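User: I would like a close look at one part of this model. Please describe the surroundings of a buried charged residue and of the segments around it.

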Amino acid sequence: KADRELVLEAVRHNGQALRFAADPLKADRELVLEAVRENGMALEDAADPLKADRELVLEAVRQDVMALEDAADPLKADRELV
C-alpha cells in the first residue's frame, strides 16, 4: 500500500503490517519508527539505510531483542544495543 496515513495507522496497531507497505514507505523513518515501537521485528521489512539508524534499531531492540538480527552489521557489534 502507498497511502502513508493508512499504513501509519496500520503499523501503530501491528508493526508487522510494514511488510505490506510500498517500498518508499519502508524508507520513511517516522513510519518505520512507529512500526518497530509496536513490534521490533518490523525492522526486518525496513529499508536497508534504516537498519543502520542507531536510534531506530535501539527502539526495535528495546521492543524485541531478536530484532538485532536485522540490524546493519556495524550495529550488531554495538555493545549498548545488546
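Analyst: The account below begins with Asp70 and then turns to Arg19 and helix 3. This is a predicted model, in which local features need pLDDT of at least 70, side-chain atom pairs count only at pLDDT 80 or more, and totals for chains, interfaces and linings use all residues. Residues are numbered from 1 along each chain as its sequence is written, and side-chain values use heavy atoms, with hydrogens and water left out.

Asp70 lies in the loop that links helix 4 (54-63) to helix 5 (73-76); helices are DSSP runs of H or I, at least four residues long, numbered from the N terminus. Asp70 is buried but forms no salt bridge. Buried means under 20% relative accessible area, exposed over 50%, and partly exposed in between, with a 1.4 Å probe and protein chains only. A salt bridge requires a side-chain nitrogen of Lys or Arg within 4 Å of a carboxyl oxygen of Asp or Glu. The nearest side chain of opposite charge to Asp70 is Lys51, 5.2 Å away; Lys and Arg count as positive, Asp and Glu as negative, and His and the chain ends are not counted. Leaving aside residues up to four places away in sequence, Asp70 touches Met41, Leu43, Glu44 and Lys51, where contact means heavy atoms within 4.5 Å.

Glu44 is also touched by Arg19, as are Lys26 and Asp45, with the sequence neighbours up to four places away again not counted. Arg19 belongs to the loop between helix 1 (4-13) and helix 2 (23-26) and is partly exposed, at 39% relative accessible area.

In helix 3 (residues 29-38), the buried residues are Leu31, Val32, Leu33, Ala35 and Val36. Their cover includes helix 1, helix 2 and helix 4.

Methods: Helix = DSSP H or I, 4+ residues; strand = E, 2+ residues; numbered from the N terminus.
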